[in-house]
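Please open the model in a viewer and keep the selection tool at hand. The stops below name what to select and describe what is found there.

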Amino acid sequence: MTVTQYLADWRPYPFEIAETRLEFDLAPKGTRVRSQIDFRRKGPGDLVLDGAGLRTQSLAIDGKPLDLSLISKDDERLVVPASALPDSFTFAAEVEIDPEMNTALEGLYLSGGMFCTQCEAEGFRHITWYPDRPDVMAPFRVTIRSDKPVLLSNGNPVSRGQGEAVWHDPWPKPAYLFALVAGDLVAIPDSFTTMSGRKVELNVWVRPGDQDRAGYAMESLIRSMKWDEETYGREYDLDVFNLVAVDDFNMGAMENKGLNIFNSKLVLASAETATDGDYERIEGVIGHEYFHNWTGNRITCRDWFQLCLKEGLTVFRDQQFTSDMRSAAVKRIHDVQTLRARQFREDAGPLAHPPRPDNYQEINNFYTATVYEKGAEVIGMLKRLVGEDGYRKALDLYFIRHDGQACTIEDWIKVFEDATGRDLTQFKRWYTDAGTPRLTLSEDWQDGRLTLHFRQETAPTPGQPQKPPRVIPIALGLIGPNGDEVLPTTVLEMTEASQSFTFDGLGARPVVSLLRGFSAPVTVAREITADEQALLLAHDTDPYARWQAGHDLALDALIFRATSGTGGAEFGQAIGGLLTDAAADPAFAALCLSLPGEEEIATTIAARGGVPDPDAIRTAREALAQDIATAHEAELARLYDAMETPGPYRPDAEGAGRRSLRLACLGLLTRIDGAARAQVLFNSASNMTERQGALECLIAAGKDTEALAAFAQEFGSNRLVMDKWFMVQPLRATPDQAVARARDLAERADFDWKNPNRFRALISGLCANHAAFHAADGSGYAFTVDWLMRLDPVNPQTTARMCSAFETWTRYDADRQAHAKAALGRLAAMKGLSRNTSEMVTRILA
Ligand code: PHE
Ligand code: ZN
C-alpha cells in the first residue's frame with residue numbers, strides 16, 4: 001500500500017510536551033523502553049502517536065491503563081480519543097524491541113556490539129510510541145541501564161553510576177534528534193571555551209584501537225566551533241559535546257543534539273589510511289553536523305517538506321567553512337562539479353523535484369542532491385542578491401526571531417524580506433519549482449557597444465509542466481582581446497523570460513566571462529569560439545569562470561570526438577600553456593588537467609538532444625588523454641617530479657593541491673610509460689592519497705595483480721581501507737572486465753554486504769564506471785539489480801537510495817533501455833519490496 005503525504009495536509013499537533021522521560025534497559029533482544037510524556041492540550045483533536053515494530057507491554061494515562069486495542073491494525077498508530085483526555089496528562093508506555101534484529105539501521109540497533117540509534121527522519125517510532133514529527137519539541141530526560149562501559153545520550157550528564165547513566169537535555173527538540181549510544185568505547189578528550197567563557201567538554205568516541213586515527217576529527221570540531229562563533233555569532237549551548245564513530249550507518253553523519261553520530265569513515269583518518277579527499281570531507285562533515293546545532297536543532301523544520309530549510313542552509317554553511325579553511329576557488333569548483341554531476345542529473349530525469357517538494361511517499365528518498373546541494377545554491381543566490389550585509393542582517397534576525405521554533409521556507413524568506421526590504425515573491429520559485437533553467441546568451445557588437453540578449457527556459461519536470469521565469473543573478477565580467485579585464489564582476493538580475501543588457505564605451509570587442517563564481521545553478525548555451533575560450537582560460541580573473549572555460553573547451557572536443565571522430569587540438573594547445581605555470585597553482589592546474597568524466601559527457605550530449613553512446617564516449621576520452629600525454633610528456637614528467645611533497649604528510653590544502661596535480665600527471669603518464677611511475681609510487685608512497693592514486697592507475701593499466709594483493713595483505717583488517725580496495729576495482733577496471741570483476745569480488749568472504757559502506761563500495765563503484773554500468777549487453781544493470789534485490793529486505797533505505805543509478809536510463813539507445821527496463825521490472829515485481837524502493841522504482845519507470 002502506498003500513501004502519499006502532501007504539504008497541503010499539514011495540521012498543527014493539538015498538544016505540546018512539557019517533558020519526555022525515557023528509561024532503557026538495553027539488551028540485544030528484548031530491550032525495554034519505558035516512556036513518560038507530559039502532554040498539555042493546545043488545540044482540538046485526538047492524541048495520535050506513531051509506532052513501528054513495537055511489542056507493546058502496557059499503556060497508561062495518568063497511571064490508568066489504556067486498552068491495547070487503541071493500537072491500529074497495522075501496529076503503526078495509537079489513537080486516544082479526545083474525550084478520554086484531560087487538558088494535561090502523562091502518557092506512559094512500556095515496549096520491547098530487538099536491536100539485534102534491526103538490519104535496516106533505523107531506530108535502535110547494534111553495530112559491532114555497540115548499541116546506537118538513528119532517528120532521522122522517522123526512526124524514533126521504532127523505539128517507542130511518540131508524536132514522531134519535527135514540530136513537536138520537548139526537553140528529554142533519559143536513563144540508560146546496561147553493562148556497557150560507556151552510556152551516552154543527548155544533553156548534559158546528570159549521573160554516571162555503575163551500569164546506569166542519566167542524561168538531561170534542556171533544549172526542546174523533536175524526536176528525530178534523539179540519540180543513545182552504549183558500548184565499549186574510548187574517548188579522545190579535549191575542551192573548548194566559548195566566546196562567553198563557558199568551558200565545554202569535548203569527546204570523540206571510537207572503538208579501542210582507533211584512537212590514533214581520531215585526532216583530526218577533534219581538531220576539525222574545534223575549528224568548527226570557533227568558526228561558527230566568528231562567522232555567525234553562534235555559540236554552543238551545552239556543557240558537553242560528544243561525537244561517536246560507528247561502522248554501520250546508512251548515511252554520512254547525524255546531528256543529534258549534543259551527541260553527533262558519524263559513519264566511521266567520516267571520523268577516522270591517518271596519513272597511511274585516509275586520502276586528502278577523506279580529510280577534507282571529514283572536516284567538512286564535522287563542520288556540517290556541528291553547524292546543525294543552530295540551523296536544524298535550535299531552529300528546526302515544521303515538517304519534512306521543509307527539509308532544505310535545515311539542509312540547504314547547513315550545506316551552505318559547511319561550504320563557507322571549507323572555503324575559509326582551505327582554498328575558496330578550489331572549493332567552489334569542486335562544489336560546482338558535484339552539483340552538476342548529481343543534482344543537474346537528478347533535475348533532468350524522472351526523479352526531479354523542487355528543493356521544497358510538496359508530496360512524497362517515503363521521506364527517506366528525499367535526502368537528495370536537490371534538497372542539499374541545490375538548497376545551498378539557492379542560499380548562495382539569495383546572498384548575492386542581498387549582499388554580505390543584507391545576508392548577515394537576515395541571519396541575525398532568523399536566529400532571534402525563530403530560536404526554539406519549527407519553521408518553514410516561508411519563515412526563512414520572510415526574514416530576508418524584513419531584514420532587507422526586498423520583495424522575494426519571484427525568488428521563491430527556486431524553492432517550489434524543479435528543473436535546471438537553461439540560460440541562452442547571444443551578443444550584438446556595434447560601435448563600442450555590446451548588447452547581451454539572455455533567454456531562460458526550463459523544461460517540464462514530473463508534475464510541473466509550466467515553468468515561469470525565475471530571478472537569475474548573472475555575475476559577469478568582460479575580458480579584452482589582450483587579456484585585460486575591461487569590466488570587473490557585475491551582477492545582472494534577470495527576471496523575465498528574455499532580457500537584454502547593454503555595455504557602452506568599449507574599445508574593442510571583449511569576451512564575456514559569464515556566470516562568474518557560478519552565480520546561479522543553470523546550464524549555459526552561448527556561441528563562443530575555441531579561441532575565446534582559450535583567452536578566458538588564460539586570463540579570466542574569476543577562478544571558477546577560468547576553469548569553466550577550459551572545461552568547456554575539453555567538453556566540446558570530447559563530444560566532437562565521441563560523435564564524429566576528431567577534435568581537441570585547441571584544448572591540447574591550451575593545456576600546454578597551462579602546464580608552463582602549473583606549479584604556481586597546482587590545485588587549479590590539476591582541476592584543469594582532469595578531463596570531464598564520461599557521465600558528464602553523456603549528460604551534455606543528452607542535453608543537446610543526442611543519444612550518448614557509452615563506448616564511443618569512453619573511446620573518445622581515452623584517446624584525448626592519450627594525445628595530451630603524448631604531446632606534453634616532458635612537461636608532465638617534470639611536473640610529476642616537482643610535485644613530490646617532501647617531509648611528513650600534512651592534510652592541508654597546499655599539500656593536497658600538489659598531490660592532486662601529481663596524480664593528474666600520473667594518470668596521463670601511465671598511458672605512455674608502461675605504468676612504471678605508478679608502480680614505483682605505489683611501492684614507495686607513505687600516504688594513502690598517493691597509494692590509492694597509484695593503485696587506480698595500475699588497475700586502469702591492467703597491471704594490478706601484485707599491487708592489489710599487497711594492499712589487501714597490508715590493510716586486510718582495516719574495514720575503511722578495504723572499502724577503498726573494493727571500490728577502486730569495479731570503478732577503474734576497463735569496461736569489458738569490470739562487471740566480471742565485481743561479480744568475483746562479491747563472492748569473497750569479506751564482502752560483508754550488510755554493511756552499507758562495503759555494499760556501496762562495490763556496487764556504487766561499478767555504477768560509477770559509466771561504460772561498464774551501461775554495458776551494451778545489460779550485464780551492468782542486471783548485476784546491480786541482483787544486489788539491490790538482495791539488500792532490500794535487509795536495508796530498504798540504502799537500497800532505495802542506490803536506485804538512482806538508474807535515473808538516466810531513458811537517455812540511452814533502445815537496446816540499453818530494454819535491458820534497463822527489464823532489470824528495473826524485476827526489481828519492481830519483487831515480492832515484499834519495501835515502500836522505499838518501490839517508490840523509487842515507480843518514479844524511475846514512470
Ligand atoms: N541529517 C543528516 C545530515 O545532513 C543526514 C541524515 C539523514 C543522516 C537521515 C541519517 C539519516 O547531516
Ligand atoms: Zn545535514
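Begin by selecting residues 46-177, where UniProt, in an unreviewed entry, places the feature "domain: Aminopeptidase N-like N-terminal". In this predicted model, the span is 49% strand and 0% helix, and its end C-alpha atoms lie 25 Å apart.

Within that span, select Asp-62, in the loop between strand S5 (55-61) and strand S6 (64-65). Asp-62 is not a glycine, yet its phi is positive, at about 50°. Most residues other than glycine have a negative phi. Asp-62 counts as exposed, because 12 or fewer neighbours is the criterion and Asp-62 has 11 C-beta neighbours inside 10 Å.

Next, select Glu-120 and Ala-121, which are joined by a cis peptide bond with omega about -5°. Ala-121 lies in the loop between strand S10 (114-118) and strand S11 (138-145).

**The ligand**

Glu-120 and Ala-121 also belong to the surroundings of ligand 1. Which other residues are around ligand 1? Select Gln-118, Met-251, Ala-253, Met-254, Glu-255, His-288, Glu-289, Glu-311 and Tyr-367 to complete the shell. Strand S19 (253-254) and helix H2 (276-291) each supply at least two of the shell residues. By class, the shell divides into four charged, two polar and five nonpolar residues.

**The nonpolar core**

Now select Ile-261, whose contacts include Gln-118, Ala-253 and Met-254, leaving out residues up to four places away in sequence. Those three residues are also found around ligand 1. Further contacts of Ile-261 are Cys-116, Ala-179, Val-181, Val-244, Val-246 and Asn-256.

Ile-261 is among the residues with the most contacts inside the largest nonpolar core, together with Leu-180, Val-181, Val-244, Val-267 and Leu-766. This core has 244 residues. Helix H5 (residues 369-402) provides its largest share, eleven residues. In soluble globular proteins, nonpolar side chains tend to be buried together.

**Two loops between strands**

Move to Gly-448, in the loop between strand S24 (438-446) and strand S25 (449-457). Is Gly-448 buried or exposed? It counts as exposed, with 12 C-beta neighbours inside 10 Å. Apart from neighbours within four places in sequence, Gly-448 is in contact with Asp-504, Gly-505, Leu-506 and Gly-507. The C-alpha atoms of Gly-448 and Gly-507 are separated by 5.7 Å, although the two residues are 59 apart along the chain.

Then select Phe-518, in the loop between strand S29 (511-514) and strand S30 (523-526). Phe-518 has a positive phi of about 50° although it is not a glycine. Phe-518 is buried, with 21 other C-beta atoms within 10 Å.

**The C-terminal span**

Select residues 531-846, which carry the UniProt feature "domain: Peptidase M1 alanyl aminopeptidase C-terminal", again from an unreviewed entry. This span is 72% helix and 0% strand, and its end C-alpha atoms lie 43 Å apart.

Inside it, select helix H12 (residues 598-607), which is largely enclosed by the rest of the structure, because eight of its ten residues are buried. The buried residues run through Glu-598, Glu-599, Glu-600, Ile-601, Ala-602, Thr-603, Thr-604 and Ile-605. Their cover includes helix H4 (328-347), helix H9 (543-564), helix H13 (614-631) and helix H22 (770-773). After H12 comes Gly-609, with a positive phi near 90°.

Continue to Val-739 in helix H20 (residues 735-747). Val-739 is buried, with 23 other C-beta atoms within 10 Å. Beyond its neighbours within four places in sequence, Val-739 is in contact with Leu-766, Ala-772, Ala-775, Ser-779, Gly-780 and Phe-783. From Val-739 to Ala-775 the C-alpha distance is 8.8 Å, across 36 residues of sequence.

The last helix to select is H26 (residues 835-845), with Asn-836, Thr-837, Ser-838, Glu-839, Met-840, Val-841 and Ile-844 buried. These residues pack against helix H24 (796-802) and helix H25 (814-828).

**The whole chain**

Finally, display the entire chain, whose secondary structure comes to 26 helices and 30 strands. Its radius of gyration is 27 Å, close to the 28 Å given by the globule rule for 846 residues, so the chain is as compact as a globular protein of that length. The C-alpha atoms fill a box of roughly 85 × 65 × 60 Å along the principal axes. Buried residues make up 51% of the chain. Among contacts between residues at least 6 apart in sequence, 70% join residues at least 24 apart.

Notes:
Residues numbered from 1 in each chain as written. Chains lettered and ligands numbered in written order. Predicted model: local features only at pLDDT ≥ 70, side-chain atom pairs only at ≥ 80, totals over all residues. Helix = DSSP H or I, 4+ residues; strand = E, 2+ residues; numbered from the N terminus. Rg over C-alpha atoms; globule rule 2.2 N^0.38 Å. Buried ≥ 20, exposed ≤ 12 C-beta atoms within 10 Å, placed from the backbone. Contact = placed C-beta atoms within 7 Å. UniProt positions renumbered as here; feature names shortened; annotations may be inferred. Near = placed C-beta within 6 Å. Nonpolar A, V, L, I, M, F, W, Y, C, P; charged D, E, K, R; others polar. Core = buried A, V, L, I, M, F, W, Y, C linked by C-beta atoms within 7 Å.
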